[in-house]
Every structure is written in structure tokens, then in C-alpha cells.
Amino acid sequence: MATSKADEVFIDFSGIETRNSFVSHLSAAFRRRSVSVCLGGDCTDVATPRKTNEGCKVFVVVFSEDYALSKQCLDTLVEFLERKDDGLVIVPVYYGGVTESMVKQQTERFGVAFTQHQNNYSYDQVAKWRDCLIQTASLPGHELNLQQEDSEFVEKIVADVREVLDATGKIGIYSRLLEIEKLLCKQSLKFYYLGLWGMPGIGKTTIAEAAFKQMSKDFDASFFVEDFHKEYHKGRPYKLREEHLKKVPKGGSIRGPILSFKELREKKVLFVLDDVRNLMDFESFLGGIEGVSPGSVIILTSRDKQVLHQCQVEDVFEVPSLNEEEAVRLFARTAFHKEGPSDAKLMDVSKKVARYAGGNPKALCFYGRELEKKKKPEEMEEEFEKMRQCPPQEILSLFRSSYDALNDNERSVFLDIACFFNGEPCDDVMRILEGCGFFPHVGIDRLAERSLLTISKEKRVEMQGFIQDAARVFINQTSRRRRLWEPSRIRLLLENDKSKGNEVIEGIFLDTTKLTFDVNPMAFENMYNLRLLKIYSTHSETAQELRLTKELRSLPYELRLLHWEKYPLQSLPQDFDTRHLVELNMPYSQLQSLCVGTKSLAKLKLINLSHSQKLLEVDELAKACNLEKIDFQGCTSLKSIPYTDRLKNLQFLNLSGCTSIKRTEAMKKIKGINQEGCLSETTFESMVFEYYVKESS
């Protein structure tokens with residue numbers, strides 16, 4: 001078979017059996033996608049590769065067990081590998097039990113083959129073949145695993161190669177199209193609704209366009225409405241319908257300048273509406289489509305998952321972010337006009353940008369364009385940090401409409417997470433925000449549905465870095481800032497007792513890393529609305545302490561979270577009203593006593609005074625009826641603990657390292673204790689004691 005210039009993919013393989021099975025399926029899959037293929041292999045009459053492969057752009061080498069036995073296959077591999085620097089892409093495929101390590105190390109059948117070659121060919125020839133196998137096996141490829149069907153394996157290879165051949169340079173499109181095709185294969189004979197969902201800039205429109213282009217030839221009529229929300233609200237929905245219904249594929253069976261919905265009856269139709277934001281617009285635009293033929297498909301894209309469910313889509317495909325390898329490629333292609341960074345330092349910068357952008361293609365392309373003029377890694381990093389501190393309008397505009405659409409409760413939850421709780425355990429965030437009077441279970445779910453945050457597998461609330469920084473800009477744009485996180489600004493506030501406007505402040509999170517100063521005793525005097533106070537250090541080795549040379553006069557009674565690591569005083573302010581307090585978190589403090597007396601503790605759910613080595617006593621906590629966790633770990637001076645019999649919700653009590661507490665004291669105060677499960681015969685001083693009340697009662 002001679003290769004013409006039109007042939008885009010050359011497939012090399014060994015053996016007639018491989019050709020008649022896997023390779024035939026692979027080549028057929030390429031042709032179904034309109035990719036021209038030439039087959040090499042040692043079972044054909046193919047001429048010398050150097051003369052026949054000039055037109056191809058991708059070389060797919062199928063490593064089966066007998067591949068290395070074929071001199072022709074090895075020579076072909078050498079020829080193609082010499083063209084790699086000229087832009088040829090080589091895709092290794094490991095099939096029939098062959099693995100990457102077998103090819104790279106030439107073990108098993110590959111080892112047998114080279115034992116034979118050493119007897120029949122020169123040392124230099126054999127060494128060249130070996131080196132080519134090592135080089136090829138070091139390239140990104142595809143390896144068939146035991147859980148994977150051949151058909152799925154073939155489609156993944158085809159998706160990878162199509163991406164390479166795409167002149168537009170799109171990354172990750174065809175693997176996502178493959179997932180959409182799988183969903184479409186499930187469609188019933190009725191009208192099928194499919195939703196594409198994801199954050200702004202993630203590639204929903206690009207994927208919808210690619211799906212439309214690929215699928216439209218299979219329908220009698222098809223139309224695509226980009227920016228549907230914007231176009232619809234220009235006030236001409238009926239005209240919009242007519243304009244798009246004119247756009248019939250040349251291969252379709254419908255003719256005529258204008259098609260009404262009545263003319264679509266009994267026709268198989270493909271509808272694609274990009275960026276649908278509410279149900280009413282959708283129903284108004286597509287009213288009366290019940291008469292179309294079975295097998296018709298409508299694809300909707302939306303940044304709001306709830307909208308898709310309201311539109312009664314049967315399946316929702318969540319458009320995934322680019323993985324790190326894909327994200328670095330896209331950034332490098334934009335910033336360096338190459339497939340990858342040219343050195344290790346540029347790679348580090350590229351990975352930093354990729355992680356910050358969360359694999360969002362639009363953001364990656366923007367940062368790449370902004371940084372492409374910077375030639376040195378340090379210049380790029382400096383410019384990138386400037387953009388992080390002050391996100392440009394292009395980034396802000398991605399999320400502005402999503403932010404503006406939030407109600408008051410959702411906006412409060414969103415801003416608290418963006419400023420204070422990104423990456424924190426979901427249960428902890430829920431506990432504090434619920435204590436603030438918000439509805440976090442609903443709010444966080446809605447934010448996730450609007451693609452503004454995610455809940456990780458580890459059950460943490462996670463927000464992409466560039467979304468977080470955009471949210472903080474939205475806060476800065478308001479006339480009166482309510483949430484503070486910048487150390488320099490907070491320092492000025494806490495040093496000064498004459499600051500004005502403090503009554504609007506709702507949250508302060510101060511990282512004391514490499515920071516030390518004197519806190520004014522009256523610093524919190526006028527912060528009537530302060531809900532959240534956290535003073536901490538992200539790096540314990542460089543942590544500093546805030547000094548209080550005098551007593552702290554007051555703490556706001558609206559506090560829900562009081563988190564102050566290394567609290568420098570022996571006690572809390574006497575008039576501190578704890579009625580709203582949800583979490584008291586003061587590890588490594590100088591507290592000598594926790595005296596709450598008759599104060600209300602009804603909302604308190606967590607006490608952490610761990611490693612407060614001067615702590616001597618803790619009042620009875622009978623009024624803390626909702627207390628769930630107590631941590632006194634490492635409180636070496638603590639001699640007595642509160643009774644737990646009235647703490648019906650207590651789930652966790654840690655007394656590890658409380659060496660001054662006697663065993664009899666613990667047995668007396670902790671009700672429902674399981675002696676076998678919680679207290680062994682080892683000495684109390686040396687044991688780690690984590691007591692789960694619910695499990696042992």
C-alpha cells in the first residue's frame with residue numbers, strides 16, 4: 001500500500017493476527033472519524049518507510065508480543081523516530097499483554113527477540129534498535145489494562161490522535177467528545193436531552209460546537225445558538241428561532257430559506273443551545289417541538305446544574321478541568337508557542353499557573369497571552385503574582401454574572417469561603433456558618449451547582465485560586481469592607497484604638513507568620529458585628545506571637561469562631577458574652593483557667609485548648625448541651641476535667657498527654673466509659689486516649 005500525502009496516520013504493527021483484529025478495529029475507528037490511515041506492518045507489501053511516510057503526521061506503533069521479532073518493524077520505527085524533531089508525533093500503543101516496561105527494558109518476548117538479533121545482525125544495528133525502543137517507550141502512550149474493553153481502548157487512542165491532528169490546537173476536546181458519545185448511545189427512541197455543565201471558561205461551548213459539527217450530518221436539520229441567554233434577551237426570541245432554523249446542513253434533507261417548527265414535524269433534529277440560564281427562556285424558545293421525530297437530540301450547556309435539571313435533561317455531563325499535563329501544554333502553547341516549557345524553571349512556573357487556574361482553559365490561555373512577553377522565569381513569576389493580587393477584568397468577567405445572581409445567603413456563604421475557609425473540612429465550615437445564622441447546607445450545594453466551588457473526595461470545600469481572588473476583588477470593590485485577611489491592614493487595625501468604621505467588620509483571619517506586634521487592649525471594642533476571629537500561623541517554624549502587654553478589655557458578643565493560637569493571656573475577658581460562640585479553638589495558649597460560670601454556652605460545639613501547658617482548671621460545662629468535641633491533649637498541668645454525663649452530644653474527648661489527671665478522676669468524670677476499649681492496663685501517662693462517647697455508651 002502506498003501512502004499518499006492525504007494519509008494522516010501511519011499504523012505500524014507485527015503479524016497478520018494483530019492486523020485482522022486490533023489494528024483493523026483501530027483503522028476503522030479512524031476512518032469513521034474521517035482520519036485517513038495507512039497500514040504498515042511486516043505482513044504487507046509496504047515499500048521502504050522513508051519513501052512512503054512523508055505525508056503522515058502521526059505514527060502509531062502497536063507493540064504486540066512479536067513486534068521486536070520483525071526487522072521490518074524495527075527499521076520502520078527507526079525511520080519514524082528520526083522524523084520526530086520535524087514535528088511528527090509518535091504514539092506508542094501496548095497491546096496483547098505487552099507493557100511499557102517490557103518494551104523499555106526488552107524483557108520477555110522482547111528479550112527473546114534481541115537474543116536472536118544479536119546472532120544475526122551487527123552490534124551497532126541491534127544497539128540502535130534497542131535505543132529506539134527505549135526512546136519510544138518513554139513517550140506518552142496507551143496501555144491496555146485487564147478491565148478495559150478493546151472498543152474503549154481504541155476510542156481513547158483515536159481521541160488522542162484526533163487532538164494531535166486538530167489544526168486549531170484544542171486540547172482535551174476529543175476525549176470529552178468520547179464521553180458524550182457514550183451518553184448518546186444510551187438514548188431511547190424518544191427525544192433526548194443532554195446537559196453540559198461546568199464553570200465559566202471550562203470549555204462547554206467549544207465541546208458543544210465540536211459535538212454539533214460531528215453529529216449534525218446524522219440529522220435532517222440542526223441548529224446551534226451560541227450565547228443563548230444574551231441572544232434571547234435582546235428581545236427577539238421568534239426571530240432568533242427563524243435565523244437559526246435557516247442553518248440546515250448541506251447534507252440534510254430539509255430545503256428552503258425559512259423553517260418553522262411545524263415544518264420540523266416528523267424530522268430528526270439536533271438542537272444545541274449554549275449558555276442556558278433559566279427554564280422560562282428555554283421553554284419559550286423551544287415551545288412546540290413535541291412533533292419532531294424520535295431520535296432527535298437537544299444539547300444544553302449551562303454553568304448552573306439546577307437549570308439543567310429544571311429543563312429535564314436525562315444526563316448531565318460535567319465538563320472536567322484539564323489535568324495538569326493538559327493544562328501545562330495549553331499554557332506553554334500560548335506562552336511559549338511550544339508544546340512544553342524549555343527548561344525546569346519555566347516548567348515550575350507553568351505548573352504553578354496551571355494549578356492556580358485549576359485547569360480552566362480560558363484562564364490558562366489568558367495568563368499565557370499575558371506572560372508570553374516575559375522571557376525569564378523570574379519575570380514571569382513576578383508578573384503572575386501581580387495578576388493574582390489584582391485579577392484583570394478578563395478573569396473577573398468570567399464570574400461576575402454568576403456572583404451577581406447569588407441571593408444574600410448564598411453570597412454570604414460564598415464570600416466567607418473565599419476569604420476564610422477555602423480548603424477546610426466541609427463539616428467544620430458547615431458548623432461555623434450554621435452558627436452564623438446562614439443556611440450552609442443549601443448555600444454550599446447551590447454554589448457547587450453554580451460551579452463556584454467543589455466538595456473534594458476528602459470532603460473539603462475547595463475553590464479554585466482564581467475564583468477565590470476574583471471574589472476578594474468583589475469585596476474590595478464595596479465601599480465598606482466586612483472581611484479582612486491582609487496582615488498589613490489587620491495589623492494597623494489591631495494596633496490602633498481609634499480606628500473608625502470597625503462596626504461593619506464581620507471577619508478577621510490573621511496569619512502571624514513572620515509578624516509580631518502589640519495588640520491594643522481596646523482593639524475589639526467597637527467591632528460589634530465581628531463573627532469570625534482567627535489568629536494563626538501557616539508555618540509553625542516562623543510563627544510569631546501577638547503581644548498583649550495589658551489585659552484584653554473585651555471581645556465581641558457576636559463571635560461564633562474564636563480561634564487564637566498562642567493566646568498570650570491567662571484568661572478571657574470577664575465580660576465576654578459566649579451566647580453565640582460555636583467554636584473555641586485556642587491551642588498552645590497561656591490560659592490558666594477556662595471560667596465560664598453561668599454564661600450561656602448553648603451553641604458551643606467545639607473546645608480545643610490542646611498543648612496549653614499552664615491550664616489548671618476548666619469549669620463545668622453542663623450548659624454546653626450541644627458540645628461535640630473537647631481536646632485537652634498535652635495540657636500537662638490540668639488536674640481535673642468536667643463531668644460528661646450531661647454532654648449528650650459529645651463525640652470526641654482527647655486527654656492524651658494530660659499527665660496530671662489521675663485514672664480515678666477520669667473514671668469518675670467520664671460517664672459511659674468502656675474500660676476494655678478506652679483504658680488499658682498501661683500507665684495513664686504513656687497512653688494515647690481518644691474517647692468516642694457514642695461508640696462506648
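In this predicted model, the bridge partner that L194 finds in strand β10 is D315, and this pair belongs to a parallel pairing in which strand β6 (residues 192-197) and β10 are joined over four bridges. Along β10 itself, which covers residues 315-318, the side chains alternate between two faces: D315 and F317 point to one face and are buried, whereas V316 and E318 point to the other and are not buried.

Elsewhere in the chain, an open sheet of five strands, paired in the parallel sense, follows the order β2-β1-β3-β4-β5. Because β2 (37-39) and β5 (142-143) each have a single partner strand, they stand at the edges, and one side of each is left without a neighbour in the sheet. Within this sheet, strand β1 (residues 9-12) runs parallel to strand β3 (residues 58-63) and is joined to β3 by four bridges, with F10 standing opposite F59 of β3. Helix α3 (residues 71-82) lies across β1, β3 and β4 (89-94), and runs at about 150 degrees to β1.

Further along, helix α22 (residues 465-476) has twelve residues, which at 1.5 Å a residue should span 16 Å, and the 17 Å between its end C-alpha atoms agrees with that expectation. Eleven of these twelve residues are buried, that is, under 20% relative accessible area, so α22 is largely enclosed by the rest of the structure. Among the buried residues are G465, F466, D469, R472 and F474, and the buried residues of α22 pack against the helices α15 (344-357), α16 (361-371), α17 (377-389), α18 (393-404) and α19 (408-421), as well as against strand β13 (483-484).

Notes: Residues are numbered from 1 along each chain as its sequence is written. This is a predicted model: local features need pLDDT of at least 70, side-chain atom pairs count only at pLDDT 80 or more; totals for chains, interfaces and linings use all residues. Side-chain values use heavy atoms; hydrogens and water are left out. The expected span of a helix is 1.5 Å times one less than its number of residues. Buried means under 20% relative accessible area, exposed over 50%, partly exposed in between (1.4 Å probe, protein chains only). Contact means heavy atoms within 4.5 Å. Two strands pair if DSSP finds at least two bridges between them. Axes are lines fitted to C-alpha atoms, for helices over the stretch in contact, and angles run from 0 to 180 degrees between N-to-C directions.
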